[in-house]
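New to this one? Take a moment to look it over, then read on for a short tour.

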Amino acid sequence: MDDTTRDELLRLFESKLKRAAKLYLETCSRCGVCVSACHVYASMPQAKYIAAYRAEIVRRIYKRYFTKKGRFWKSLGESKELSELALSELYEAAYSCTGCRRCMVFCPFGIDTQLIMSIAKLLLIGAHAEPEILSLLADTSVAKGESLEIFREGFLESIKTLENEVVERWRVEAGQTPIPVDQKGADLLYVALAGAHSIVPAAVVFNAAKENWTLSFFEAVNFGAFVGDPVKTRQILDRIVNEARRLGVKEVVICECGTAFRVMKSMAKNEPFKVSSITEVHARYIREGRIKLRKNTLEGTVTYHDPCQLARNGGVMDEPRFILRALTDDFAEMSPDPVMNWCCGGGGGLVAMGEDTLDFRMKSASVKADQVKKTGAKILATACENCHTQLSNLNDHYQMGVDVRFLSSMVADALE
Amino acid sequence: MSDDIKADKVMDLKGLPCPMPVVKISKGIKEVAVGQVVEAVTSDPGALADFPAWAKTSGNEIMKTEQEGKITRFFIRRVK
Amino acid sequence: MDKISYIILVPMVYAAFAVLVLGVSARLVAILRTPRELQTPIYPASGAPYLRALYDSFLMPQVRRHAPVLWVFLMAFHACLLLLLIGHLELVAQMPWEKAFPHQIFLGKGFVGLILAVSLLFFLFRRFSSPVRDLSVPEDYYLLILLFLTVIFGAEMDWARNWYGYGEMGVDQYRQYLTSLVTFHPALPYEVTSAGHRFMLVLHVFFANLFLMVLPFSKIMHAFLALPVNKLRRG
C-alpha cells in the first residue's frame, strides 16, 4: 500500500473517531466475557470470531496511528501497520460480524463491536475493497432518490395491478383507493420493500383498520448502513424523510426490515413525524380494537425470532409477543430473554450478498437452528425481511421443518 | 416475448425477497457477453422501480420495458 | 543504595503523581472534548441511564451472569482495592471517619492484600489459557505482573506486622513519611531508611510509582471510562 492511500485511509479512520468510538477503542480490558456472545463463535469456535478479537483488529491500527504508546512501543499492545494484509483482516472481521450487538449486552463496559466494525467498513470502502454488490445496491438507492421520474409511472401502474389482491382480502369503501400513493394529507406513510409481499398484507391491514395512509415510492432498506457509508446512509434516508415532509404525514411506518427501522428511528429523531415499525402499528390496532383477529387458526406451536435491529437495537420486543398471543394460545419462546436472543446470522449485509455468503451464513448460525428446533415449533414467525430470508435458508439447510412466516402477513391472514 | 428484441438470457425475478432482484440481475448481466441482452421478468413494484436506477448506476442499458398486467419485462443490454 | 532509595521514595513519587494527574486529565479532556456521534442504546432503554450505568460499572451484572467465577474474583479484587485506597489515605493523615468508626489502619488484618494477590494470580493464569489467551496482548500480562509486584511487597509489610509481630516499622513511621511528602517537606524517618524491612517499602513504592505512571496510557483508564462508556449503552 502506498503512502498516499494509507494517509487517505487514516483520514477516514480519523473521521470516525468521535466520542463513543474513542471510548470503545480505549476501554476494552480484553476480559473475554464476550467470548460466549457471538453466534459465529458459538457455531464455529475460532478466536477470530470473538467480539473483542474482531474489535482488536481495528484497535491495533488505532494504537499504531492514534496513540503515543502504540507508536513508540509497538509490541506492548501489538499495534499494527495499515497494510494490504491488515485490510484483508479488517474485511474478515467486519463481514463475519452481523452487527447484532449481542456482545454489547455481555460486555461489562457495553462496548459496541458494530460501531468499531463500522470503522473497518469505512476503511474498506476507502480502499475500494468493500463488497461490490453492497455499494451497487446503495448507489442504486441513491440514484432512485435523485430521479423519481424515471420509475414513477411504471411504479404507479404496477401498484394498480396489486390492488385487486388487496380488495379481494379486504373490501374497501366506494371511492377509496386500496393502495394510495403520494397522498398529501395522509396521516401515515408506509415504507415497504421491493417485493409485493411487503405491500399487499400491510395494505390489507391498514384498510381494515380504516387508516388514512399512503405508500412510499421508495424502499425502506438502507444499503448505505450495510456497507458502512455514512454519506450514502444519509442520502438514502433523506429520500424518505423528504417524502414524509412533503406529504406532511404524522407517522412514518417502516415495513418488516430491521435495519431500515433502526436507521430511521435513530436518525430521524428530530423530525416532525413519529417513526414506528409495522409491528408496533399492528399491536396498536389490536389494542385499540381497530382490527379483530381470529384466534387459534394456526396449526402447531408458534415461536418468534427477534430481529436484532428491531428488538435489542430498536426496542420492539413486547409488541410481536402481544400480537402472537392474540393469534394463538400455543406460543413458545426460543430465548428466555428477547435481549439475549441469538442473531439469525444474516445481518450486516450478509444476506444481501446472496449466495456468496450462503456457506458462511449456514455454518455460523447453527446455534440459531438448534435454538429453533428446541422449541418444537411448526411456525417460525419473524418481523424482518433479512431474518426471514436467512431463517428460510437455515430451514432448508438444517431441515428444521418449520414454516417461516412474516408476522404482518399472519395478522393479515387472521383478520376477522 | 417481444418480437423485435431477442434475449440471450431470461431471468425470472418474480416474488424474490429484498434485495435479490438487483443482486441477481447484477450477477446475471455478467454472465452474458458485452452487447448481449438479458430479459428480466418481475412482478414486484419495488423491483420494477429499482431497475432503471440500477441500470444507470451499473452502466447498463434498458432497451425496452413491457408491462402487461402484473408482469413487467425488462430487456437489458450489457454495456460494459 | 541510600541514594537510590531516596530517589524512589521522594522524587519518583512526585514524578509519578504528576504523570498520573496530568496524564489522566489530558486523556479525559481529549476524549470528552471529542464531538458525539449518533449512538443507539441497547433496548429496553432504561429510564435512569446514569443509575443503570453506575450499577453496570460497580456491580458488573453482565460478568456475574456470563462468567460467575471471574465475577467473584473481580468483585473481590476491586472491593479490596477500594479498602486499600482508604488504608493509604489513612496513612497520609488522620481521616475524619476514624473517630466515628475506630479501627486498625489497613482493614482486614492482612487478608485484603492476600485476596488481591490471589485475584491477580487468577487473572494472570486465566490469560494463559484459551480463549482469553487469544485475546491478550503483552500489555495485559505486564500490567498484571506489575500490579502483582506492587501488591506483594505492600502486603508483605502488612503481613509482617499482623501475622509475625514485626514492630520496627509501623503506621506512625509511614504516616510521618507520607505527611512529609504531601506537605512538600519530604523527610525520611530513621526507621524508613534503616529498618530491616525497608527494602519492601522501597520496592513497593517503586512498583507503585511505575504503575501510576503507566496508568494514564494503559487500559487501566477503564477506572475512569467505565461510567461514561456504560452510559452509552443505557441511553
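What follows covers two interfaces and then the cavities.

## A predicted model

Keep in mind as you read that this is a predicted model.

## Where chain C meets chain A

Let's start with chains C and A. On the chain C side 45 residues are in contact with chain A, and they touch 55 residues there. Put together, the two chains bury about 4,200 Å², and 61% of that is on carbon and sulfur atoms. Which residues of chain C lose the most area to chain A? They are Glu37(C), Tyr43(C) and Leu135(C), which together account for 16% of what that side buries.

There's a fair bit of polar detail to look at as well. The rule finds 5 salt bridges across this interface, and Arg30(A) and Glu139(C) meet in a salt bridge, with 4.0 Å from N to O. Between chains C and A there are 24 residue pairs in polar contact, both partners being at pLDDT 80 or more. Several helices of chain C give two or more residues to this side, among them α2 (11–33) and α9 (138–164). The biggest giver is α13(C), with 8 residues. Sorted by type, the chain C side has 24 nonpolar, 9 polar and 12 charged residues.

## Where chain B meets chain A

Now over to chain B, where 27 residues are in contact with 35 residues of chain A. This pair of chains buries about 2,500 Å², with 65% of it on carbon and sulfur atoms.

The rule finds 5 salt bridges here. Lys30(B) pairs up with Glu132(A) in a salt bridge, their closest N and O atoms lying 3.6 Å apart. As for polar contacts, the count between chains B and A is 7 residue pairs, with both residues at pLDDT 80 or more. Two helices of chain B, α1 (20–30) and α2 (45–58), each supply at least two residues of the side that touches chain A. The largest share comes from α2(B), with 12 residues. That side of chain B divides into 14 nonpolar, 6 polar and 7 charged residues.

## Empty spaces inside

How many cavities of 30 Å³ or more does the structure hold? There are 7 of them, and the largest has a volume of about 150 Å³. It is lined by 17 residues, and the closest to its centre are Cys28(A), Cys34(A), Ala52(A), Cys107(A) and Ile111(A).

Helix α4 of chain A (residues 51–66) gives the largest share of this lining, 4 residues. By type, the lining of the largest cavity splits into 12 nonpolar, 3 polar and 2 charged residues.

Note on methods
Residues numbered from 1 in each chain as written. Chains lettered and ligands numbered in written order. Predicted model: local features only at pLDDT ≥ 70, side-chain atom pairs only at ≥ 80, totals over all residues. Heavy atoms only, no water. 1 Å grid on protein atoms, 1.4 Å probe; cavity = no way out; pocket = protein on both sides within 12 Å on 5 of 7 lines; lining within 4 Å. Points joined across faces, edges and corners; volume = space filled by probe spheres on them. Nonpolar A, V, L, I, M, F, W, Y, C, P; charged D, E, K, R; others polar. Contact = heavy atoms within 4.5 Å. Buried area = accessible area lost by both parts, 1.4 Å probe. Salt bridge = Lys/Arg side-chain N within 4 Å of Asp/Glu carboxyl O. Polar contact = N/O pair within 3.5 Å; in protein donor to acceptor, adjacent residues only side chain to side chain.
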